[in-house]
2 protein chains.
Amino acid sequence: MSEIFVGIDLGGTNIKIGCFDSGIKLINKTSTPTNADMGPKVVTDKMAETVEKLLADAGLPLQNVSSIGLGCPGPAKYSEGIIESATNLPKFKNAPFRKMLSKRLGKPVVFENDANVACWGEYAVGAGKGVKDMVFFTLGTGIGGGIINNGKLVHGGGDNAAELGHIIIYPDGRLCNCGQRGCVEAYASANATAKRATEAIEAGAKSSLKKVLDQKGRITCKDVYEHLKDGDNLAKQITDETAKALAIVCINTLHTTEPKRIVFAGGMIAAGPILLNRIKDYFNEHIWSLRKEPVEICFAALGEDAGITGAAALAKQAHEECKLKSG
Amino acid sequence: MSEIFVGIDLGGTNIKIGCFDSGIKLINKTSTPTNADMGPKVVTDKMAETVEKLLADAGLPLQNVSSIGLGCPGPAKYSEGIIESATNLPKFKNAPFRKMLSKRLGKPVVFENDANVACWGEYAVGAGKGVKDMVFFTLGTGIGGGIINNGKLVHGGGDNAAELGHIIIYPDGRLCNCGQRGCVEAYASANATAKRATEAIEAGAKSSLKKVLDQKGRITCKDVYEHLKDGDNLAKQITDETAKALAIVCINTLHTTEPKRIVFAGGMIAAGPILLNRIKDYFNEHIWSLRKEPVEICFAALGEDAGITGAAALAKQAHEECKLKSG
């Protein structure tokens with residue numbers, strides 16, 4: 001009997017589910033609306049039914065499933081399997097979600113922060129393969145993070161480690177949504193990148209992006225990188241600031257947990273080498289001269305399947321460590 | 001037979017050695033000049049003889065010693081027990097120091113970075129007692145660090161994690177000895193604190209410290225804190241800048257490995273509550289409003305015995321983990 005691992009990526013809008021073999025190779029996957037307003041009981045049932053259907057479609061019996069990984073936005077008491085107060089899952093407050101799903105499917109469930117899940121996916125089968133120490137950033141609306149130390153996820157004293165978007169790089173700088181000033185997220189997330197471009201144009205900077213702003217009423221991060229490729233000077237300046245902020249935070253995490261690889265994921269990496277190379281340039285410009293640091297800075301490899309892949313990989317790892325609690 | 005653990009703190013000038021009981025309570029201790037220019041063989045012999053004499057003085061047989069901890073400045077290949085190129089131990093380059101001492105005394109030796117050793121001491125029996133996640137800073141000539149994650153020292157991918165003094169808090173700021181700009185060490189070490197005061201006076205700032213500079217030709221960090229207590233305005237401003245830099249780095253490490261306690265050690269903590277309270281003030285001013293962080297910020301408890309205590313505690317831990325290599 002070949003082992004199967006299921007990975008679930010629970011978001012506020014959609015639930016993505018994938019079945020994986022013991023090498024964490026995707027067998028099949030699906031996606032269904034979360035309907036978070038129906039509350040945890042209904043969502044749990046739907047999630048379980050979708051898993052059952054996905055297995056049936058692939059001709060796999062549920063009994064072959066060794067364990068299930070579930071990634072979910074925080075804040076949550078991950079070790080207890082309880083969602084505390086995730087902004088986009090308000091009705092899940094204090095629901096014993098891990099236990100509910102485990103009971104419904106009769107399988108052990110590993111419950112983990114969504115950024116940690118994606119981090120683990122890259123570590124296990126993606127851009128982090130071959131190292132034991134890694135730092136991971138997701139560059140999206142905000143900036144999330146994950147840290148692998150000596151082959152294990154760093155959870156911290158209260159399950160809230162690796163809030164890497166809120167490392168302060170410019171004290172008293174731009175106001176972040178979190179209430180701090182000068183967080184890297186306030187400079188280098190996709191939202192912050194678009195916002196800085198918008199502010200610059202509104203302040204009178206010359207740019208081909210002005211036409212976009214005038215026509216669409218807003219600029220996206222994608223617009224910035226498109227105009228960068230077309231040679232726009234403001235887009236170049238905005239990208240440089242983003243890259244520099246990310247390079248500083250690479251240096252700071254290097255001097256903290258000393259990763260061998262730093263992996264960037266999220267929508268913004270669609271910008272491609274033009275962004276990655278600028279991050280590396282600034283890193284090399286700002287890193288110390290004491291010794292050559294062999295850290296690699298790269299983009300993630302798993303794309304939109306990172307969540308389900310990471311959840312399945314985490315389920316496998318926990319299964320192998322014989323540390324699973326079955327609810 | 002009661003177990004004994006020996007802790008050795010190897011510095012460029014002195015070797016400190018202590019014998020500890022199984023509760024890591026100091027039995028007796030001694031100090032002897034390192035004479036580093038005599039090379040590793042002579043220093044190893046002297047170290048071993050001093051251990052033997054210390055045990056004899058306390059009426060303890062060598063056979064009661066379970067293991068020995070040795071703290072040493074870096075850079076070193078700690079996992080291999082080799083000093084690479086410590087600035088104040090030039091003749092020790094590539095010496096298999098752990099093996100030499102282990103062979104000479106017939107005991108397993110744990111070899112660790114001196115800042116990590118002090119960190120472990122505070123964690124095991126000092127200011128870090130009772131938590132599993134801690135961040136540790138030594139505020140001296142430079143700023144060193146150590147990180148405990150889930151009850152274990154973080155070593156990083158190349159044995160050089162927790163170079164916390166080189167976290168950049170002001171990109172493009174003051175030049176640090178390491179070659180980077182804007183490191184916390186360039187603002188908040190004892191040296192940097194004294195240097196900033198000196199620069200301010202030379203630039204014309206009014207201060208009671210001017211008399212010290214005129215008379216002694218230099219200002220020390222101790223002078224700054226003494227004049228702070230006497231109400232000098234420049235000393236207050238310099239201290240505020242130091243405290244703010246340390247608070248920012250507290251926030252940044254909190255968002256990275258999420259310690260439950262942050263411990264400051266080193267000569268500078270002699271400044272007392274006047275410094276600690278300012279660090280806490282700036283921490284509270286700059287930390288996010290997303291949730292109340294229950295992290296405690298405090299000063300170290302072990303004083304000048306931190307090195308030998310930490311080395312002995314580490315020896316005990318390694319002994320208990322049955323992971324000791326006897327050379």
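This report walks through the contact between chains A and B, then one helix of chain B, then two residues with positive phi.

Keep in mind that this is a predicted model, where local features need pLDDT of at least 70, side-chain atom pairs count only at pLDDT 80 or more, and totals for chains, interfaces and linings use all residues. Residues are numbered from 1 along each chain as its sequence is written, chains are lettered from A and ligands numbered from 1 in the order in which they are written, and side-chain values use heavy atoms, with hydrogens and water left out.

**Where the chains meet**

Chain A brings 39 residues to the contact and chain B brings 39 residues, with contact meaning heavy atoms within 4.5 Å. About 3,300 Å² is buried between them, and carbon and sulfur atoms give 54% of that; buried area is the accessible area (1.4 Å probe) that two parts lose on being put together, summed over both. A:His255, A:Thr256 and A:Glu258 supply 17% of what chain A buries against chain B, more than any other three residues.

There are two salt bridges between the chains, a salt bridge being a side-chain nitrogen of Lys or Arg within 4 Å of a carboxyl oxygen of Asp or Glu. One of them pairs A:Lys244 with B:Asp172 at 2.4 Å, N to O. On chain A's side of the interface, α8(A) gives the largest share, seven residues. Helices here are DSSP runs (H or I, at least four residues), as are strands (E, at least two), numbered from the N terminus.

**A helix with two sides**

Now for α6 of chain B, residues 209-216, whose buried residues are B:Leu209, B:Val212 and B:Leu213. Seen down the helix axis, these fall within an arc of 95 degrees, so they line one face of α6(B); the arc is that of the directions from the axis to the C-beta atoms. They pack against α5, α7 and α8 of chain B. On the other side, B:Lys211, B:Asp214 and B:Gln215 are exposed. Buried means under 20% relative accessible area, exposed over 50%, and partly exposed in between (1.4 Å probe, protein chains only). After the helix comes B:Gly217, with a positive phi near 80 degrees.

**Two positive phi values outside glycine**

A:Ile24 and B:Asp172 are set side by side here.

| Residue | Phi | Loop | Relative accessible area |
|---|---|---|---|
| A:Ile24 | near 55 degrees | between β2 and β3 of chain A | 8%, buried |
| B:Asp172 | near 65 degrees | between β10 and α4 of chain B | 45%, partly exposed |

B:Asp172 is also the salt-bridge partner of A:Lys244.
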